[in-house]
Amino acid sequence: MNIRFRHRRGGAFFGRGPIGAGALIGARSLIAAIGFLAAAIPAGAQPPHGTVLVEVRSHDAHAGAPSSIPGAELHAGGARAVADERGQARFTLPAGSYRIEVRAPGFEALTVQVEVEAGRETSVVVELHSEVIEVEELIATSTRIGRRVQDEPLRVEILGEEEIAEKMLMTPGNIAMLLNETGGLRVQVTSPSLGAANIRVQGMRGRYTQLLADGLPLYGGQAGSIGLLQIPPMDLGQVEVIKGAASALYGASALGGVINLISRQPSSETSGELLLNVGSQNGQDLIGYVSGPMSETTSGTWGYSLLGGLHRQEPVDLDGSGWIDVAEHERWVARPRVSWGGEGGRSLFMTAGAMAEDRRGGTRPGQSVPNGAPFPQTLATDRVDFGVRVQWPLGGLAFLQLRASAMSQDHRHRFGGATEVDEHSTAFGEAVATGAAGRHTWLLGMALQQDAYRSETYSGFDYTHTVPGLFAQNEFRISPALIASASARWDAHSEYGSHLSPRVSILFRPDPWVIRGSMGAGFFAPTPFVEEIEEAGLAFLLPFDGVRAEKARTFSIDAGRTLGPIEGNVVFFGSRVEDAVRLVREGSGGAGGVRVTNVEGETLTAGVELLGRYRRDHLTFTGSYVFVRATEPEAGTSNRRAVPLTPRHTAGLVGMWEDHDRGLLGVEAYFTGRQPLDENPYRTQSRPQLHLGVLGELRRGRWSVFMNAENLLNVRQTRHDPLVLPSRAPDGRWTVDVWSPIEGFTVNGGVRLRVGG
């Protein structure tokens, strides 16, 4: 770090330009007068003061000129200041010697010694060292503008590469653990037979959550529940989470929120990573990742990355009931990426993916369900996808962004003796122009998306949804401390008609607080694939007709501040969903099947999130608490009920020590309160649960070994109740909903090799 001291007198810097003799004489006379007055102050009066102007900059040898660091926090003589937009902060202190501590997220802390002279202003320029990855983690891309997350009126939560790497050691084969341990998100298992799960955001059902990869719907417009278990996290650089209706930017699939998986940027030199993991329940993962430069020309630089993985799991029946608790699977996945960056913001990004998996659950060979028949449940999946992003300057501060993707996914389901074969596909294209003018940052865009389903077995449920859309956003910087943003989107859905989705957000920064508020509305296009149908198939479902679009309004208000190594945040949120669809019985006595229909009334959710974090050197403590109260209409009555599988209270406490050269050690505890249950003959409410875990990694050069123990108290649903129903449900399911872990205590560990970089 470089530190330069400059003394300023009379409003001018010596050595920065010509100063007239009169000005010098006037300045000296003024200083002499101040000295005379200071000498005349009687004993016991306030001592003379001086000022210190600190300018905080970042200087990377590869980035060229230094850049300011707004928001840096400074402490001196018991006083605190925060750097403004120019990276400057000013202290007024009694004359004397002071230590000034400078901290900024993503930078190494620095303490400098400064002499404060009476009646003078001392100018200090502090240049902080930073790691490129940590700086990039502060850029939010999901809002389309691509600015620092601290400057976004719309709240975007970012999980950085270090946190992703820690969760990868726990579950190398999928992102379920990564998302489930994020405040306000809950991964809900939807298929006990196959382990499938979706993501509930702030109490809203999982179908409302849009899952993106590098801003593209590579997993479909409505990602299936099995998708979370088929995405390894090794190649992710960060995960961005928008909670609440994001339909104004992303359309109908983002009614409850957006989770955007952002890939790592290619390394400036060839580097790679290899991980081998073995689990106590006979599971294995082998994952590799490599990236680097391809070529450098006068027009720009090409880079690449490649992810490949092999994953397998043996079937596990923990309680000896004959029903498989941990599904058997074999899977391979591959994802190459190519990127190009040129001058003036020009860029090109291309990605392709392929995955094949066979997953088997249900009854073990030779075993049966209560009706005396075997019931194997299997799913074979083949998926391919392709995506491209282009950014090109339009002149001045405007850019054109083009995005396109296509995905095809084939399924072969087996439910007992029945087989269902189907295909899901998504095609997407979008053009967006962004720019800045004065205090305004604007965005105009158009999009076209088509989602299709084809079934060889039940063609009556086939659909093709084509949705053109227009959207716009304007962000207005009212003052350095106040930014407002308004956006709106119009979608013309081929099945559910036209809908307008607005959103308004505001950012207010009264030092030292950061306050955000947001309100949004949107719609969701229902399909036959509610959670129960994904588990049981279409055999018991009556024709899908007469269903209306679901509509929602959401709001959130959050406030946070940082005090030295401590940061805290509180979020108040709520949502109101109209015409929510639900699976209801048709007929009585189990006859007649089930139907997806709109339920009259509103589903109401309200809650609060609390987050606190303490960082000091290699140690981090994180505590979180979420309260959710969610109610919905009882189908066919005027009564209301608590939304099933939505705990009112959840909390977590994580302690992590990490040294990049030596390793890490983490301890975590998560509490889940009681949950109301639906259609469960064994109980109407779940039991509260406490989950404990320990993670350790020992690093020696390029090699490391790791071990992770989950669920140390061996909390398991089948320790209290059977998983299998006494008789088959009207929708075709043979199992109750999952409200607690079904895999019990587990241990996994392995080795990790990192080269280059």
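The points below comment on strand pairing, salt bridges and surface patches in this predicted model.

1. On strand pairing, β27 (residues 440-455) and β28 (residues 463-479) run antiparallel and are joined over 14 bridges, with Leu448 standing opposite Pro468 of β28. Strand β28 also pairs in the antiparallel sense with β29 (residues 482-493), here over ten bridges, and Phe471 stands opposite Arg489 of β29. The turn between β28 and β29 deserves a look in the viewer, since these strands form a hairpin with two residues between them.

2. On salt bridges, a search of the whole structure finds 49. One of them joins the side chains of Glu314 and Arg312, at 2.4 Å from N to O. Glu314 is partly exposed, with a relative accessible area of 27%, and Arg312 also counts as partly exposed, at 33%.

3. A salt bridge between strands is formed by the side chains of Glu330 and Arg360, at 2.8 Å from N to O. Because Glu330 lies in strand β22 (residues 328-342) and Arg360 in strand β23, this pair ties together parts that are 30 residues apart in sequence. Glu330 has a relative accessible area of 30% and is partly exposed, while Arg360, at 26%, counts as partly exposed as well.

4. Arg576 forms a salt bridge with Glu602, and the closest N and O atoms of this pair are 2.6 Å apart. The pair links distant parts of the chain, with Arg576 in strand β33 (residues 566-578) and Glu602 in strand β36 (residues 602-616), 26 residues apart. Both ends are partly exposed, Arg576 at 33% relative accessibility and Glu602 at 24%.

5. Beyond these pairs, the model contains a network of salt bridges that links Glu161, Arg264, Glu273, Glu658, Glu697, Arg699, Arg752 and Arg754.

6. On charged surface, Asp358, Asp382, Asp410, Glu423 and Glu456 form a negative patch. Asp358 is placed in strand β23 (residues 347-362), and it counts as partly exposed because its relative accessibility is 37%.

7. On nonpolar surface, a patch with about 900 Å² of accessible area together is formed by Leu563, Ile566, Tyr614, Leu619, Phe621, Trp657, Leu665, Val667, Val694, Leu712 and Phe745. Strands β37 (619-633) and β40 (663-672) each supply at least two of its residues. Val694, another member of the patch, lies in strand β41 (residues 689-700) and is partly exposed, with a relative accessible area of 32%.

Key. Residues numbered from 1 in each chain as written. Predicted model: local features only at pLDDT ≥ 70, side-chain atom pairs only at ≥ 80, totals over all residues. Heavy atoms only, no water. Patch = residues over 30% accessible without salt bridge, like charges linked within 9 Å, V, L, I, M, F, W, Y side chains within 5 Å. Areas by Shrake-Rupley, 256 points an atom, 1.4 Å probe, with all protein chains shown as cover. Salt bridge = Lys/Arg side-chain N within 4 Å of Asp/Glu carboxyl O. Lys, Arg positive; Asp, Glu negative; His and termini not counted. Charge placed at Lys NZ, Arg CZ, Asp CG, Glu CD. Helix = DSSP H or I, 4+ residues; strand = E, 2+ residues; numbered from the N terminus. Buried < 20%, exposed > 50% of the residue type's maximum accessible area, 1.4 Å probe, protein only. Pairing = 2+ DSSP bridges.
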